[in-house]
Amino acid sequence: YHFQLYGVETPAVLEAAAGSDFSGRKPLVAALTREPFYLLSIFDLGRIVPGIPYLWQVQAFEGETGIAASHARLIYFVTPFGPAVPVGGGSAPPPGGGQP
């Protein structure tokens, strides 16, 4: 299996997903595995910002021959640890809203 995760920077990326055309795009995370699942590593998690869109796709292989592929799916990551850091480069408020 070949798992791929792409960042969605522009609406054009979403349009490309309609046809699953990722040619020329480098995935944010990519992994080859013999298992039909992939657990994100701590290094993968460091590249992901909760709350923004990503495209996920997986391809199945038998030997070196591709036999199936999923449609690209729009996904979001969330964190149970509080608000995500804003994409604009600002900082999230401290826990409790900064109140003493």
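Three aromatic pairs turn up when the whole of this predicted model is searched. One of them joins Tyr 54 to Phe 77 in an edge-to-face arrangement, with the ring centres 5.6 Å apart and the planes at 75° to each other. This pair brings together distant parts of the chain: Tyr 54 belongs to strand 3, which covers residues 53–62, while Phe 77 sits in the segment after strand 5 (73–76), and 23 residues separate the two.

The two partners also differ in how much of their surface is accessible. Tyr 54 has 2% relative accessibility, so it counts as buried, the cut-off being under 20%. Phe 77 comes out at 21% and therefore counts as partly exposed. If you are following along in the viewer, another place to look is the aromatic cluster formed by Tyr 1, Phe 3 and Tyr 38.

Now let us step back to the fold around these rings. The protein contains two helices and five strands. Walking from the N terminus, you meet them in the order β-α-β-α-β-β-β, so to speak of strand 3 is to speak of the strand that holds Tyr 54.

Finally, some totals for the protein. Its 100 residues include 22% that count as buried, and Tyr 54 is one of the residues in the buried class. The accessible surface is about 7200 Å², and carbon and sulfur atoms contribute 61% of it. As for contacts with a separation of 6 or more, 57% of them are between residues 24 or more positions apart.

Definitions and conventions: Residues are numbered from 1 along each chain as its sequence is written. This is a predicted model: local features need pLDDT of at least 70, side-chain atom pairs count only at pLDDT 80 or more; totals for chains, interfaces and linings use all residues. Side-chain values use heavy atoms; hydrogens and water are left out. Helices (H or I, at least four residues) and strands (E, at least two) are DSSP runs, numbered from the N terminus. Buried means under 20% relative accessible area, exposed over 50%, partly exposed in between (1.4 Å probe, protein chains only). Contact means heavy atoms within 4.5 Å. Accessible areas come from the Shrake-Rupley method with a 1.4 Å probe; for residues, only the protein chains shown count as cover. Rings of Phe, Tyr and Trp (its six-membered ring) pair if their centres lie within 6.5 Å; planes under 30 degrees apart count as stacked, over 60 as edge-to-face and the rest as tilted.
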